[in-house]
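This briefing reviews selected local features of one protein chain, grouped by topic. Please consult the sequence and the structure shown below while reading.

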Amino acid sequence: MAFEPLTHDPAVTTTDAREIADDLVVIPNRGVELVPNIGIIGGSHSILVVDTGLGPRAGTDVLTFATEYARGRKIHLTTTHFHPEHAFGAQSFAGEATYLLNRAQAADLADKGPAYLDMFRGLGTPVARRLEGVEPITPDTVYDSAHDLDLGGRTVHLRATGRAHSKGDQVISIPDAGVLFTGDLVEAGQFAIFPWFPPYDTDVSGTRWIDVMGTLITTTPDTVVPGHGDISGPRVLDEVRTYLEFLRDETWLRRDSAVSRETIVAEVSALAIERHPEWVGRDWIEKGIGCFCAEHP
């Protein structure tokens, strides 16, 4: 990965947790790179934790907060996808929570988790420290494409979306609260994260991602909790789909004209930044262009 090493500690700060609906709390990422938005969804007899933070220490911090929040209720854990800042704290929940995953994500975690662990350790000393002692964990419950979890008076829908940001992407919806957790299918105020790292990982699909966004838009949530960035309204779903369509169309237009890869990157990146000068994560634009170049029909 051709990124600058991180110099900050990607720590989860549970003191910033805030309730966004009845018995539904988000620990926000505060705009800190490699810190996800983490959710805790409660029912009468159980709670569900969504994502863990980067590494065992973050997982322990989230578990401690969740245990206090649960007040004796059973704890479940799920993760939106297998990438380290979302799932590599799961071992801290072993024996304390039931870990649920879709089958594609469980396969990602087993097959690609070790390589991502090595890759993320190269992102700087603070990240490497956070990943000390990471051990693989096997989910307790694996579902194929859909799982409805009864928390007691509240049913949470876990849905595998199919290949997009990763092969094992999962969204979590809470119908009675109108809340949707998207993982990295959606970022707010940030260019879409394309984990396009050929030849090591080319599972991300921009074209499928656009289709998935169309499906999510039809669910009409009131509140969207993105993988990173501010908690948002449903408009963010349209913003992400529009950006992905722009990236596809501008990239393919230049591919059709036999423009060089370097020119495509320069021209499309400039247009993307002109459209969204306030967005962070500009390094991801080139990765997205690379993905769409590979998917050019």
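A search of the whole structure, which is a predicted model, finds 11 aromatic pairs. One of them is formed by Phe 191 and Trp 279, whose rings meet edge-to-face. The points below begin with this pair and then turn to backbone geometry and surface charge.

**Aromatic contacts**

- A pair of aromatic rings is described by the distance of the centres and the angle of the planes.
- For Phe 191 and Trp 279, the centres are 5.2 Å apart and the planes make an angle of 70°. The pair counts as edge-to-face because its angle is over the cut-off of 60 degrees.
- The contact links distant parts of the chain, with the two residues 88 positions apart. Phe 191 belongs to the loop between strand S11 (179–187) and helix H5 (206–218), whereas Trp 279 belongs to the loop between helix H7 (261–275) and H8.
- Both Phe 191 and Trp 279 are buried.
- Together with Tyr 243 and Phe 246, Phe 191 and Trp 279 make up one aromatic cluster.

**Backbone geometry**

- Most residues other than glycine have a negative phi, and most peptide bonds are trans.
- Pro 198 and Pro 199 are joined by a cis peptide bond, with omega at about 0°. Pro 199 lies in the loop between S11 and H5, the loop that also holds Phe 191.
- Leu 34 is not a glycine, yet its phi is positive, at about 65°. Leu 34 sits in the loop between strand S2 (24–27) and strand S3 (38–42).
- Leu 34 counts as buried because its relative accessibility is 10%, and the cut-off for buried is under 20%.
- Thr 220 is also a residue other than glycine with a positive phi, here about 45°. Its place is the loop between H5 and strand S12 (223–228).
- Thr 220 has a relative accessible area of 59% and is therefore exposed, the cut-off for exposed being over 50%.

**Surface charge**

- Glu 4, Glu 33, Asp 283 and Glu 286 gather on the surface in a patch of negative charge.
- Within this patch, Glu 286 is located in helix H8 (residues 283–294).
- Glu 286 has a relative accessible area of 42%, so it is classed as partly exposed. This class covers values between the cut-offs for buried and exposed.

Notes:
Residues are numbered from 1 along each chain as its sequence is written. This is a predicted model: local features need pLDDT of at least 70, side-chain atom pairs count only at pLDDT 80 or more; totals for chains, interfaces and linings use all residues. Side-chain values use heavy atoms; hydrogens and water are left out. Patches are made of residues with over 30% relative accessible area and no salt bridge: like charges are joined within 9 Å, nonpolar side chains (Val, Leu, Ile, Met, Phe, Trp, Tyr) within 5 Å. Accessible areas come from the Shrake-Rupley method with a 1.4 Å probe; for residues, only the protein chains shown count as cover. A salt bridge is a side-chain nitrogen of Lys or Arg within 4 Å of a carboxyl oxygen of Asp or Glu. Lys and Arg count as positive and Asp and Glu as negative; His and the chain ends are not counted. The place of a charge is taken as NZ of Lys, CZ of Arg, CG of Asp or CD of Glu. Helices (H or I, at least four residues) and strands (E, at least two) are DSSP runs, numbered from the N terminus. Buried means under 20% relative accessible area, exposed over 50%, partly exposed in between (1.4 Å probe, protein chains only). Rings of Phe, Tyr and Trp (its six-membered ring) pair if their centres lie within 6.5 Å; planes under 30 degrees apart count as stacked, over 60 as edge-to-face and the rest as tilted.
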